[in-house]
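Work through these short exercises with the model open. Try each task before reading its solution.

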Amino acid sequence: MTPLIRNTRRSALALATVAVLGISATAAYAAGGLAAQGGAARLSGDQTTTVKKAIDGGKARNVILIIGDGMGDSEVTSARNYEYGAAGKLPGIDALPLTGQYTTYSLYKDGKPDYAPDSAATGTAWATGTKTYDNAVSVDIEGKPQKTLLQLAKERGLKTGNVTTSEIQDATPAVQVANISQRSCYGPNKTSTTCPEAALENGGPGSITEQTLTTRPDITLGGGAATFAETAKAGEYAGQTLAQQATARGYQTVTDAAGLAAVTEADQSKPLLGLFASGNLPVRYTGPEATPTGGSLPAAKCTPNPERPATQPKLADMTKKSIELLDNKGKKGGKGFFLQVEGASIDKQDHAANACGQIGEAVDLDEAVQEALKFAEADKNTTVLVTADHAHTSQIVEAGSTTPGLTANLLTKDGSPMTIAYGTAAAGRSQQHTGSQLRVAGYGPQAANVVGLTDQTDMFFTISRALSLGGR
């Protein structure tokens, strides 16, 4: 225990939560800099009362779950350091008043732990409360479908939304809307060969895209337009492309920010399908490539990604618009909503050892959190939960150093160099996930259940209790 903790004598609950309160940059920092006594402190006095006020054991009308794919502690820290400085804070993530850690291991098919999981298994854990094997989408280790939060919310009459910066068929969005043995079965073509038990022509529920259309969230936003060119092989819409099927089933489809902004309603009679890229959405930043000697190069700044079109809505835009369309408070029969939002390419850029790419995606996610918190604070009956699916490879190492892996040297908001290292795969190959516990933070009814050490499956039950979906 550090002297600071010993001297402040805070309650056990406060100790578990102060890490993300981010009360303010201290006056000492302004007067004497980080080197002054207390110059790096983030707290101003005892926070016990603040924490107590954040505890609400009641029910929520709405829940917004925000996932940073691959957003481990290193990814959060590097984004904060780069964009706001070491003494700064992420205005969204770091403003959440209650925080803890959760374990993320998946299972092998024999039921033993797999300590370095993938996004399908980890997403299944929070979406269904059930541990499963890597690549599985909301089925257990024996392949049995598990009801998801989004499916349960729909059954209870809540509005639902599913937002991502990846293809909408990717693992994290898929776990809320589909039940299938392999995450790669995006469309009918792949499903026929890789997931034949799910293929429509074999009497199954169809590919991930086909199941998405059947599950019918009120809002689905992201990339993945390419798969909609595939043709259904069986069923009512056999011979039609999935895009034609979406139209026939009443979906309103938009393809850019202007189209999204123009939408005035989204419900079961006119569900919204936003497809803003053929694949994943381009990320915010580009910058120096991580190489075997990249850490020894002069520190560089990230720059706006020229491949990100101005017509592409940002994650914050998609989140804000989704909340506006889902919020039915005061409307006849309105019962609230469940919304999942994913910043997907923290993970994808980590795989590519692209420091600027992952940082920009984390900043985008933080802006989405800000939108969710702004709504929740005004609504006073909304829970916001922010976490990740699994940890990833990037590490902040000694500035200017090289490692046996790859490094990139960035110049942060402080004007100080920050060297990021990748060491889980050789140059040119995909960097790998890691298996550490992850930060989970929350605001609103039932958010106190994230405090301490929990498991990823606990998220399912926390949200189920908050929305009265059933479960323990």
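**Exercise 1.** Decide whether aspartate 170 is buried or exposed, then place it in the chain.

Solution. Aspartate 170 has a relative accessible area of 7%, so it is buried (buried means under 20% relative accessible area, exposed over 50%, partly exposed in between; 1.4 Å probe, protein chains only). This is a predicted model: local features need pLDDT of at least 70, side-chain atom pairs count only at pLDDT 80 or more, and totals for chains, interfaces and linings use all residues. Residues are numbered from 1 along each chain as its sequence is written, and side-chain values use heavy atoms, leaving out hydrogens and water. Next, the location: aspartate 170 lies in the loop between β5 (159–167) and α8 (171–177). Helices (H or I, at least four residues) and strands (E, at least two) are DSSP runs, numbered from the N terminus.

**Exercise 2.** Find which residues touch aspartate 170, not counting residues up to four places away in sequence.

Solution. Contact means heavy atoms within 4.5 Å. Aspartate 170 touches Arg183, Tyr186 and Lys348.

**Exercise 3.** Describe the setting of threonine 172.

Solution. Threonine 172 lies in helix α8. Its relative accessibility is 0%, so it is buried. Leaving aside neighbours within four places in sequence, its contacts include Asp69 and Glu342.

**Exercise 4.** Which rings does the charged end of lysine 109 sit over?

Solution. The test: NZ of Lys or CZ of Arg within 6 Å of the ring centre and within 35 degrees of the ring normal. The charged end of lysine 109 sits over the ring of tyrosine 133, 4.5 Å from its centre.
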